[in-house]
Amino acid sequence: MGLPHVLAVPYPAQGHVIPIMEVCHCLVDQGFKVTFVNTEFNHKRLLAALSEESTMEHIVLVSVPDGLGPGDDRNDLGSLTESLMKVMPRCLEELIEKSNETEDPMTCMLVDETMGWALEVGRKKGLRSAAYWPGCAQMLATKLSIPELVSRGVIDGYGKLISEHEPFQLGPGMPFIDEPHLIWNLIGDGSDGRTKEIVFNNIVHNNRFIDVAEFILCNSFKEIEEPTFRYNPKILPIGPLFTGLRPSRAVGHFWPEDAACLSWLDEQQPGSVVYVAFGSFTIFDRLQFQEFALGLEATGRPFLWVVRSDLTDSSADVYPDGFKERVGDRGRIVAWAPQQKVLAHPSVACFVSHCGWNSIMEGVKNGKLFLCWPYFGDHFLDQIYICDDWKVGLRLTPDESGIVKREQVKSKVEELLSNEEMRTRASMLKENARQNTNEGGASLENLKIFMNAFKA
Ligand SMILES: O=c1ccn([C@@H]2O[C@H](COP(=O)(O)OP(=O)(O)O[C@H]3O[C@H](CO)[C@@H](O)[C@H](O)[C@H]3O)[C@@H](O)[C@H]2O)c(=O)[nH]1
């Protein structure tokens, strides 16, 4: 008999490809072969960003079209989602059929929950499957509870809160959710004003297939979302994921990592550096970007700042006059960092973050404090967890002109770094995270249950 063979299908976004790739490395360690499907667009980026040292042993990278044209906006998540649903099912079927002619035919699928329809492809082709959700469990539980919320009279059949100004709780102890925090309202409304509707309909559509999945996995752990795991025990936490720390494992970056910043971190004092990164989607306008730069300068602290090539809406040199000369070697700016390694570095004191869930898990497992600056989507809910529930971070809040001013950046960094209670709580979370992924830990046990089942 051939190797157990997984077809891994992430949603085509950086925050989805990385964690699914991490799970795939765990599967490879357990003797699985993996075929990892990217869209053609992302496949090219991923190959171009691979470093020479990193390996993808037993992971075969393949690509399929996303159905969009060469110049189309792939950050328009509504049209991307719609297009994928049209073109990808047939491509996946073909991949499965082709593998049936090899020594190791595909035996199971690991599907991004956002693309639940792919579970149906697997079912038709006789594959076992697991769904993976890269955000917080609470958000997944909300998505899966749409029929319950409709029958409880909380939302209508279009996802609108019936009592608009009354936040609701999905289950006891879970965070309160109001209209703007419903996941289908979080992504904006795209250029044609249809994104909310597309996302809501897509969730309802996906929910029809979730029962096909034998496992629903997510990158979280028991202690940080206990009420949610009680409310929906089908959601199995396997986090925080950790492959990104193994030196030679490629985790699927879309941009080449600037590894030299690790040597720069080695030269800094322990617990001194402000690390700033806003994930793969966030965009700043020029004015806010400059104001923030001046805020970092005003902290007087060493900082490592990820400025992606597309972080600002301006192609010109956007830094304030004389900024780079004034901060000199105290400030290190990179286009893409090896973030997991950066957050594990003892020189890093805190993380100024957009609150993407992967970034949060990476910060939490390293005991870091957060300065939260949510951008869109789940970031606002994640911020509530950090600041109000776990109490390991503070908010950066735009003033009445919609700008986070430099004085606020400076004062919040100081307030954060002088807060001993927060530091103690962050260390406790780090310890919880470690226990979960150590031998005998709940997350590791869940991961093993899933892997052993699919190996059989
Ligand atoms: O310089 C960098 C910056 C980021 N990363 C990595 O990129 C990933 C970014 O993921 P995340 O922090 O979740 O942010 P987004 O890329 O914005 O992720 C999208 O996907 C996530 C999972 O669904 C959601 O939680 C976010 O809201 C959504 O924006 C993380 O693994 C980071 O380690 C790097 O390696 N280097």
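Which residue in S13 is the bridge partner of Val-273? In this predicted model, the bridge partner of Val-273 is Val-348, and the pair belongs to a longer run of contacts, since strand S10 (residues 273-277) and strand S13 (residues 348-353) run parallel and are joined by five bridges. Around these two strands the rest of an open sheet can be traced, with six strands in the order S12-S11-S10-S13-S14-S15 and parallel pairing. At its edges stand strand S12 (331-334) and strand S15 (393-395), each of which pairs on one side only. Going from strand to neighbouring strand, the average turn in this sheet is 15 degrees, with direction ignored. Helix H14 (residues 379-389) packs on the sheet, where it touches strand S14 (369-372) and S15, and the direction of the helix makes about 120 degrees with that of S15.

A second open sheet is built from seven strands, ordered S3-S2-S1-S4-S5-S8-S9, and here too the pairing is parallel. Strand S3 (59-64) and strand S9 (235-237) each have a single partner strand, so one side of each is left without a neighbour in the sheet. The twist from one strand to the next averages 25 degrees. Within this sheet, strand S1 (residues 5-9) pairs with strand S4 (residues 108-112) in the parallel sense over four bridges, and one residue pair to look for is Val-6 with its bridge partner in S4, Cys-108.

The division of the protein gives domain 1 (5-247 + 438-455) and domain 2 (260-418). Their C-alpha centres lie 27 Å apart, and the contact between them takes 29 residues from domain 1 and 20 residues from domain 2. Helix H17 (residues 442-455) contains Asn-446, a residue that is buried, with a relative accessible area of 13%. Leaving aside residues up to four places away in sequence, Asn-446 touches Leu-236, Pro-237 and Ile-238.

The nonpolar interior can be followed next. In soluble globular proteins, nonpolar side chains tend to be buried together. The largest nonpolar core of this model has 156 residues, and the members that touch the most others are Phe-36, Leu-92, Leu-110, Tyr-275, Trp-305, Trp-390 and Phe-450. At least three residues of this core come from each of domain 1 and domain 2. Leu-110 is a convenient place to inspect the packing: not counting residues up to four places away in sequence, its contacts include Val-6, Leu-7, Ala-8 and Val-9, as well as Ile-20, Val-23, Cys-24 and Leu-27. Leu-110 also touches Ala-130, Tyr-132, Leu-217 and Phe-450.

The cysteines remain to be considered, and the structure holds zero disulfides. Why is Cys-350 without such a bond? The closest cysteine sulfur to that of Cys-350 is in Cys-372, and because the two sulfurs are 11 Å apart, they are too far from each other for a bond. Cys-350 is also buried, with a relative accessible area of 0%. Cys-387 is in no disulfide either, although the nearest cysteine sulfur, again that of Cys-372, is 3.8 Å away; a disulfide would require the two sulfur atoms to be within 2.5 Å. Like Cys-350, which is buried, Cys-387 is buried, in this case with a relative accessible area of 11%.

Notes
Residues are numbered from 1 along each chain as its sequence is written. This is a predicted model: local features need pLDDT of at least 70, side-chain atom pairs count only at pLDDT 80 or more; totals for chains, interfaces and linings use all residues. Side-chain values use heavy atoms; hydrogens and water are left out. A nonpolar core is a set of buried Ala, Val, Leu, Ile, Met, Phe, Trp, Tyr and Cys residues joined through side-chain atoms within 4.5 Å. Buried means under 20% relative accessible area, exposed over 50%, partly exposed in between (1.4 Å probe, protein chains only). Domain bounds come from an automatic or database domain assignment. Contact means heavy atoms within 4.5 Å. Two strands pair if DSSP finds at least two bridges between them. Axes are lines fitted to C-alpha atoms, for helices over the stretch in contact, and angles run from 0 to 180 degrees between N-to-C directions.
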